[in-house]
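User: Please take a close look at the surroundings of ligand 1, and set out which residues and elements form its shell.

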Amino acid sequence: MNNILTAANLSKSFKALQVVKDVSLTIQNGEFACLVGKSGSGKTTLLSILSGLEKPTKGRVSINSTSITDSSENELALFRREKVGFVFQSFHLIPTLCAWENVALPLFPVKMDKEIRKKRAIELLNQMEIGHRAEHRPSSLSGGEKQRVAIARALVNRPEIIFADEPTGNLDSETSGAIMDILKHLNKKNGMSILMVTHDQDLAASTDRIIHMKDGKVVS
Amino acid sequence: MYYPYIIKELRHRHNRTLVNILGISFGIALFISINALSSAYKKAAGQPFKDMGADLIVQRAQKQQNNPGSQPKSMRGIRLPFSNQLFSKQDLIELKNLEDINAAAQALLLWEFTKTGFTSIMGVDLQQPALGGLKAKNWIYKGRFPDKKGEIALEKHFAKFKKIKPGSSFMISGQTFDVVGTIEIKEGAQVSAANIYMLIDDARGLLGKSTGAVNLIYLGLKDPSMQNRIKSQISSKIKGASINSSDSFLELMGGVSMISDKFSLIASMVGLLGAALLIIKTMTSNLVERSYDIGILKAMGWTRADIQKQLMVETFIQAIAGGLLGILMGYLISFLLGFLSISIPVPWEMGFVPSMAKQTQALNEIVRLPISVSVSLSASAMGLSVVIGCITGYILGKRTERMKPADIFRQL
Ligand SMILES: Nc1ncnc2c1ncn2[C@@H]1O[C@H](COP(=O)(O)OP(=O)(O)OP(=O)(O)O)[C@@H](O)[C@H]1O
Ligand SMILES: [Mg+2]
């Protein structure tokens, strides 16, 4: 199997504080990997670098042989738009937009037929089993529903990999299970590569691989 | 670009949107009313001259004119007004040789002092273009304008005061004249008003000069914008000439009328700048609130340009709405200002009435402010609000450049 993601010798410092220290890792195509570690160990920072949200101080990242190491901010934005899906702990939905508009958000800057855009968003909401809430704003949705909308949004650009930073962190255990099932389903049925950060030992254990982080280093 | 998003944002933050729109509209309304007001005053000041058909009035004041208000005790009978001394032959030739003059008319203005008061007498030449004093022949109230020796017409109020009707006779300095008509001075034409009108040769006779005596010259210019150049030409050629134009009124009016083009530009720019700063300020605090959204948009792959466009259109819509509202308010303010009456003070040397007699005849003209908002003024106001929208949108866009999603999300 070939690698969807390759990172080599990544370091990230904020002024004097080194948060990520010489991290090298690969994620295989279709792999569901899980990043665990204590709070403050640098998981979110590493995820940001791998997903092109933030630039490393040192090191190289490439996704499907597209190197983003020397990309400009603009190129990184286009890279995120085309290749990456995001799921966050606090959902990060736009409060003024309804569910389907939030799903379609990454597509708004893309020139395409309005109807197709909306159709694709609604389709994904249906897949997430909340098609009936398509016209509702996030404020009227439950946490689990919000996360379903967010997952639909992560899929709308047909990404090559999904980065999920504690996607169940704000949900109760039952809802967490359901969200986890969705992600697993995406991984198994669609072959979607996923890198997820979690604090939950059980959830981590149910993925393909666990990557441990400690003090900015990948320890295993 | 997704327009419903823009509309939803504006509606969601309706208080902010309203403040922005009102801020711009006040700035625009200020811009419109200041400009309309200053051009209205200019128009009003130009009115007396427009009614006279002349652009310039040339006169020559008495040499030692220290105190125009003092009346020598011995003064009696027919006199030249202080401000209207006779022109020399040389002066008249110089004036005749001026270029860019469309029409010129000469007149002889006299004062008669009697025991009971004074009268002003305007001698006009029927052979000359109908400028200035001769315009009075178009303002006949009753009877006709004098066209023969020994005939006079009286100004309506003067005739009423003296209880004289056309057909009777009137004594001036011991000579008897036939009153052939009365004249009604048009509003705004006070500067060329006199109590008595007669042929210029009769006036010369009263003064005791036979030919060529002239102390008042009306000039119409081919191009009124050359006014200042011709003014300085005349004053260099004719020593002691005082030349009046509509500008002379503006100087006297003072106050709002002194608003020069430059000042009104600066004042309205300050208003607009205030509006722009307001919208930048409210939008910037808006940005703080919205940094979360901007973080999301950036994470989702919106480029700088995409976000810039979004913010530009948002400010643009507010600027357009504010501009339209401001133009409406400007129209309303101007409409209300149009009910104002203003008094146009007449320069003393053009009152044609002895200055010690001011109490009997006020040297002011009262006119309604001729204010109007021109299409080009509204258009430039609209243009300005568009510019404000673009600039503030651009500045806001610039401010989002350094916002990083990773930082924004961490701060939540
Ligand atoms: N922009 C920044 N400036 C300064 N320090 C930062 C910055 N971003 C992260 N850090 C620091 O880097 C360290 C790692 O942060 P990070 O958010 O990656 O940890 P984490 O493993 O995701 O923790 P948690 O499990 O609590 O989410 C922390 O000590 C944090 O304070
Ligand atoms: Mg974290």
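Analyst: By class, the shell around ligand 1 holds 3 nonpolar, 7 polar and 5 charged residues, where Ala, Val, Leu, Ile, Met, Phe, Trp, Tyr, Cys and Pro count as nonpolar, Asp, Glu, Lys and Arg as charged, and the others, Gly among them, as polar. This is a predicted model, in which local features need pLDDT of at least 70 and side-chain atom pairs count only at pLDDT 80 or more, while totals for chains, interfaces and linings use all residues. Residues are numbered from 1 along each chain as its sequence is written, chains are lettered from A and ligands numbered from 1 in the order in which they are written, and side-chain values use heavy atoms, with hydrogens and water left out.

Of the 15 residues around ligand 1 (a heavy atom within 4 Å), those that come nearest are Ser39(A), Lys43(A), Thr44(A), Thr45(A) and Arg410(B). Because residues from chains A and B surround ligand 1, the site is shared between chains.

Polar side-chain atoms of chain A approach oxygen atoms of ligand 1 at 2.5 Å from Ser39(A), at 2.7 Å from Lys43(A) and at 2.5 Å from Thr45(A). The protein covers 69% of the 630 Å² of accessible area that ligand 1 has on its own (Shrake-Rupley method, 1.4 Å probe).

Two or more residues of the shell come from each of strand S2 (17–28) and helix H1 (43–50) of chain A and helix H11 (405–410) of chain B, these being DSSP runs numbered from the N terminus (helices H or I, at least four residues; strands E, at least two). H1(A) gives the most, with 3 residues.

Methods. Polar contact = N/O pair within 3.5 Å; in protein donor to acceptor, adjacent residues only side chain to side chain.
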